[in-house]
Amino acid sequence: MKKLIIILISIILLLLIIYIGLSLYITNLAYAAERKTPEETPPDYSLIYENVSFKSYSEDDIELKGWWIPSEKEDIAIVWVHGLDSERSGGEGKLEMIKEINNMGYSLLTFDLRGHGESGAAPLG
């Protein structure tokens, strides 16, 4: 009986160690952004644009870089934000979507978040 309890406790401890190890590994993957540069640019879609940069509102003043894509209507704008492991163009044809939105009369600001694309390096989280 004692042997069975020792074996069960050993198995439970082993499973717990595996669970914690996998959790730490997956968490590390989630917070490690892969820096990519824009795959496409506005001229690829005949968009008029301006390179812009501004400082983040934080203690470290990280420079964020992006594109301002104006429209004829000056009072309507959209801020386009990419996801993890991406950059301002969004990749995968997102600039085509940006062009369609711009053709509807919306100006767009799209920029690289901290630690992404051409913006300054920063830890995530």
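This passage walks through the aromatic pairs, the nonpolar cores and a few individual residues of the structure. The model is a predicted one, and everything below should be read with that in mind.

Aromatic contacts make a handy way in. There are two aromatic pairs in the structure. In one of them, the ring centres of Tyr49 and Trp67 lie 6.1 Å apart and the planes meet at 75°; that angle is over the 60 degrees needed, so the pair counts as edge-to-face. The two partners come from distant parts of the chain, 18 residues apart: Tyr49 belongs to the loop between α1 (2–30) and β1 (50–55), while Trp67 belongs to strand β2 (residues 63–69). Their surroundings differ in burial. Tyr49 is partly exposed, at a relative accessible area of 31%, whereas Trp67, at 3%, is buried.

The pair of Phe54 and Phe111 is also edge-to-face, with 5.4 Å from centre to centre and 70° between the planes. Here, too, distant parts of the chain are linked: Phe54 sits in strand β1 and Phe111 in strand β4 (residues 107–111), 57 residues apart. Phe54 is partly exposed, with a relative accessible area of 31%; Phe111 comes out at 11%, and because that is under 20%, it is buried.

Trp67 has a charged partner as well. The charged end of Arg88 sits over the Trp67 ring, 4.8 Å from the ring centre. On top of that, Trp67 is part of the largest nonpolar core, a set of nine residues. Its companions there are Tyr45, Leu47, Ile69, Trp80, Leu95, Ile98, Ile101 and Leu108. Two elements, β2 and α2 (94–103), give two or more residues each to this core, and α2 has the largest share, with three residues.

Ile69 shows what the surroundings of one member of this core look like. Setting aside neighbours within four places in sequence, Ile69 is in contact with Pro42, Leu47, Ile48, Tyr49, Ile98, Asn102, Tyr106, Ser107 and Leu108. Tyr49 in that list is the ring that pairs with Trp67, and Leu47, Ile98 and Leu108 are fellow members of the nine-residue core. Apart from this core lies another one, of five residues, including Ile62, Leu109, Phe111 and Ala122. Phe111 thus turns up both in this core and in the pair with Phe54.

As for the strands, β3 (residues 77–81) and β4 run parallel and are joined by five bridges. Val79 stands opposite Leu109 of β4, and Leu109 is one of the residues of the five-residue core. Together, β3, α2 and β4 make a right-handed β-α-β unit.

Two loop residues round off the picture. Glu92 lies in the loop between β3 and α2. With a relative accessibility of 73%, Glu92 counts as exposed. Between Glu92 and Asn28 there are 25 Å in space, C-alpha to C-alpha, and the two are 64 residues apart in sequence. Ser56, in turn, lies in the loop between β1 and β2. Although a loop residue, Ser56 is buried, at a relative accessible area of 9%. Beyond neighbours within four places in sequence, Ser56 is in contact with Asp61, Ile62, Leu64 and Arg114; Ile62 among them is also part of the five-residue core.

Definitions and conventions:
Residues numbered from 1 in each chain as written. Predicted model: local features only at pLDDT ≥ 70, side-chain atom pairs only at ≥ 80, totals over all residues. Heavy atoms only, no water. Phe/Tyr/Trp six-rings, centres within 6.5 Å; stacked < 30°, edge-to-face > 60°. Helix = DSSP H or I, 4+ residues; strand = E, 2+ residues; numbered from the N terminus. Buried < 20%, exposed > 50% of the residue type's maximum accessible area, 1.4 Å probe, protein only. Lys NZ or Arg CZ within 6 Å of the ring centre and 35° of its normal. Core = buried A, V, L, I, M, F, W, Y, C linked by side-chain atoms within 4.5 Å. Contact = heavy atoms within 4.5 Å. Pairing = 2+ DSSP bridges. Right-handed = clockwise from strand over helix to strand, strands pointing away.
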